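Biologist: Could you walk me through this model, please? I would like to learn where the terms come from.

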Amino acid sequence: MNTPTKRLSVVVPVYMGRVFLRELHERIKKSAESVFSDFELILVDDASPDNAWAEILTICKEDPRVKGINLSRNFGQHYAITAGLTYATGEWIVVMDCDLQDVPEEIPNLYKKACEGYDSVFAQRHDRQDGIIKRFQSWIFYKFFGYLTNTKLDHSVANFGIYHRKVIQSILSMGDKIRYFPTMSQWVGFRKFHLPVTHGNRNAGASSYSLLKLIKLAISNIIAFSDKPLKMFTVAGFAMSFLSLLVAVFYYFMYLMGQIQVKGYASLILSIWFIGGMLMFSLGIIGIYIGKIFDQVKNRPKFIVAEKINITEH
């Protein structure tokens, strides 16, 4: 992370967000200038297919406080956030999405609360403007993720918030190849507060997170942050072994009492299929963990920058 030279950095990952960039820049500029004498806006293009990079270049040329980072391919939202945080020079760092549902006018309120002695102030969307399906998908994701990782996650809290530099440095120091900013910002600790904020309407486009992508994201992060699935199958294996012993004793006494006249074929086949399915499923879970370990030990970069503008290395 670069040497701090600014009071505020605003990091925004950009994907399918070209239509929002001009308004986003103006609103962030007004909001930041009302509190900070100097700031920077870092726009990270995650290989957006709507040619957002061209708009980012234009804005950067008009306003040198805006910094542009163009990734070499689509790495994903949380890797784009990591890229922006790596180049951020602010003492305080705001992370927000580009679709204007994270309202830039809330930045002064987040900073005011942080000045009360908090290192992280998370924006809590008390009245989400998403559709019913999107909210339901989000609720399922956080419930599923929270249960399997033994963490308390609030579905009304996402990336939006303000974080002291030491919090961001701690997040960047985490060597996890799988990046998920909300969980990482919770995991590092420090003094934190959840501040209710206004959640804006999405006036154009649609979220790139489908239910399938959310499930995939949940599975990847569950593997990265928890070994609970392995423990669950250990308990399930023990329970099945104990149940099998009880069933064996039961049938042994039934045999001694002469109650079993015909040896069961269907029950035998069903038992084999059931046990075989459980074994294959549990081996699959173990295989996923091994695959993630393989990805980790390869130690490939978390992101690759193809171009950058208005960024000076310190």
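**Reading the terms in a predicted model**

Modeller: Let's begin with the charged pairs: the structure holds 13 salt bridges. This is a predicted model, where local features need pLDDT of at least 70 and side-chain atom pairs count only at pLDDT 80 or more, while totals for chains, interfaces and linings use all residues. Residues are numbered from 1 along each chain as its sequence is written, and side-chain values use heavy atoms, with hydrogens and water left out.

Biologist: Why is the pair R18 and E55 called a salt bridge?

Modeller: A salt bridge needs a side-chain nitrogen of Lys or Arg within 4 Å of a carboxyl oxygen of Asp or Glu. The N to O distance between R18 and E55 is 3.9 Å, so the pair fits that definition.

Biologist: What makes this pair a tie between separate parts?

Modeller: R18 belongs to helix α1 (residues 18-33) and E55 to helix α2 (residues 52-62), so the bridge ties together parts that are 37 residues apart in sequence. Helices are DSSP runs of H or I with at least four residues, strands are runs of E with at least two, and both are numbered from the N terminus.

Biologist: Why is E55 called buried?

Modeller: Buried means under 20% relative accessible area, exposed means over 50%, and partly exposed lies in between (1.4 Å probe, protein chains only). E55 has 14%, so E55 is buried. R18 has 31%, so R18 counts as partly exposed.

Biologist: What joins R18, R22, E55 and E62 into one network?

Modeller: Salt bridges that share partners do. One of the bridges is formed by E62 and R22, with their closest N and O atoms 2.5 Å apart. That pair links helix α2, which holds E62, with helix α1, which holds R22, 40 residues apart.

Biologist: How do you know that R191 and D119 form a salt bridge?

Modeller: Their closest N and O atoms are 3.1 Å apart, so the pair meets the cut-off. R191 is in the loop between α7 (181-187) and β7 (192-197), and D119 is in the loop between α4 (107-114) and β5 (120-125), 72 residues apart. At 4% relative accessible area D119 is buried, whereas R191, at 48%, is partly exposed.

Biologist: How do you know that the span of α1 agrees with the expected one?

Modeller: The expected span is 1.5 Å times one less than the number of residues. For the 16 residues of α1 that should give 22 Å, and the end C-alpha atoms are 23 Å apart, so the two agree. Among the buried residues of α1 are F20, L21 and L24.

Biologist: Now for the rings: how many aromatic pairs are there?

Modeller: The structure holds five aromatic pairs.

Biologist: What makes W92 and Y111 an edge-to-face pair?

Modeller: Rings of Phe, Tyr and Trp (its six-membered ring) pair if their centres lie within 6.5 Å; planes under 30 degrees apart count as stacked, over 60 as edge-to-face and the rest as tilted. The centres of W92 and Y111 are 6.1 Å apart and their planes are at 80°, so the pair is edge-to-face. W92 lies in strand β4 (residues 90-95) and Y111 in helix α4, so the pair ties together parts 19 residues apart in sequence.

Biologist: Are these two residues buried or exposed?

Modeller: W92 is buried at 8% relative accessible area, and Y111 is buried at 12%. Together with F36, W92 and Y111 form one aromatic cluster.
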